[in-house]
Amino acid sequence: MGLLDDKVVLVNGGSQGVGAAIARAAVREGASVAVSGRRPEPGEALVTELAAAGGKALYVQADLADAEQARTAVAAVVDAYGRIDCLVNSAGLTSRGTLLDTTPELFDAHIAVNLKGPFFAMQAAVTDMTARKAPGTIVNIITSSAHGGQPFLAPYVAAKAGLVGLTRNAAHAHRWDRIRINGLNIGWTATEGEDATQRAFHGARDDWREQAAARLPMGRLGRPDEIADFVVLLLSERSGVVTGSVIDWDQNVLGGLD
């Protein structure tokens, strides 16, 4: 028996990186999966891969920066599968900005992708769950930087810290509906998106992962498949009654000082 047998799971931002790893893990654990993303090519390629492995998968084209598209992504899943049982908000914008150089446009872009999109996706999913009087689970992929972060992450931190508060607020509001909502503050992770970010904003060379690993306690970056296994656990009944938790998934201990 898989941890997510007979569950319908939507992974927003699921066409690559951590989101794609979560989609693969959910299919492996018995779920019917939908992945949303802006670009059809990687989304459709992932769905083809999952179907070839015997999974049931659907791609939904959606830009989570648009609140209406965040809602319609959930609606597309309900239309296709009849319901939504689990939602993962994994889409994220990580472009850089400090307090002094962030423009209103950059700030709004971070709020749109990292906070507004998850808000309205959760709204749509919880609406379906409560209408059916059915339990459900939601996991928001956040960041350890939500505790404060580096100076060049000012708009990112502002939006993701808001998602921390939203996660707890929504969990409290819907605990009597048996809808469990949790968050994961992930640390530095080796993904395609992180590679592009390091090269675009920090002039990283091909060996940046090795250099980064040498500075980390465990001697390596986190891996998407490890995060995916943790998310599947939180989505499943094996995580018990846990709700409103925002867990630090990181190798640095926040608050610890040498």
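Colleague: Which residues does I84 touch, not counting residues up to four places away in sequence?

Modeller: This is a predicted model: local features need pLDDT of at least 70, side-chain atom pairs count only at pLDDT 80 or more, and totals for chains, interfaces and linings use all residues. Residues are numbered from 1 along each chain as its sequence is written, and side-chain values use heavy atoms, without hydrogens or water. Touching, or contact, means heavy atoms within 4.5 Å. With residues up to four places away in sequence left out, the partners of I84 are V8, L10, V74, V77, V78, A125, D128, M129 and R132.

Colleague: Which element gives the most to the largest nonpolar core?

Modeller: A nonpolar core is a set of buried Ala, Val, Leu, Ile, Met, Phe, Trp, Tyr and Cys residues joined through side-chain atoms within 4.5 Å; buried means under 20% relative accessible area, exposed over 50%, partly exposed in between (1.4 Å probe, protein chains only). The largest has 33 residues, and I84 is among those with the most contacts inside it. Two or more residues come from each of β1 (8-12), α3 (67-81), α4 (104-131), α5 and β6. The top contribution, seven residues, comes from α4.

Colleague: In what order do the seven strands lie in the sheet?

Modeller: Helices (H or I, at least four residues) and strands (E, at least two) are DSSP runs, numbered from the N terminus. Two strands pair if DSSP finds at least two bridges between them. The sheet is open and its pairing is parallel, with the order β3-β2-β1-β4-β5-β6-β7.

Colleague: Why is one side of β3 and of β7 left without a neighbour in the sheet?

Modeller: β3 (56-61) and β7 (246-249) stand at the edges of the sheet. One side of each is left without a neighbour there because each has a single partner strand.

Colleague: What angle does α5 make with β6?

Modeller: Axes are lines fitted to C-alpha atoms, for helices over the stretch in contact, and angles run from 0 to 180 degrees between N-to-C directions. Helix α5 (residues 154-173) lies across β5, β6 (179-186) and β7. Its angle to β6 is about 155°.

Colleague: Is the crossover from β5 through α5 to β6 right-handed or left-handed?

Modeller: β5 and β6 run parallel, joined by six bridges, and I138 stands opposite I181 in β6. The chain goes from β5 through α5 to β6. A crossover is right-handed if, with the strands pointing away from the viewer, the path from the first strand over the helix to the second runs clockwise. This β-α-β crossover is right-handed.

Colleague: How many of the eight residues of β6 are buried?

Modeller: I179, I181, G183 and N185 point one way from β6, and R180, N182, L184 and I186 the other way. β6 is largely enclosed by the rest of the structure, because its buried residues number eight of the eight.

Colleague: How far is V139 from G183 in space, C-alpha to C-alpha?

Modeller: V139 is in strand β5 and, at 0% relative accessibility, counts as buried. V139 touches N182, among others. V139 and G183 are 44 residues apart in sequence, yet their C-alpha to C-alpha distance is 5.3 Å.

Colleague: Which residue's side chain does a polar contact of 2.9 Å join to that of H147?

Modeller: H147 lies in the loop between β5 and α5. Its contacts include N185 and L254. A polar contact is a pair of N or O atoms within 3.5 Å; within protein, one must be able to donate a hydrogen and the other to accept it, and residues adjacent in sequence count only if both atoms are side-chain atoms. At 2.9 Å, the side-chain partner of H147 is D248.
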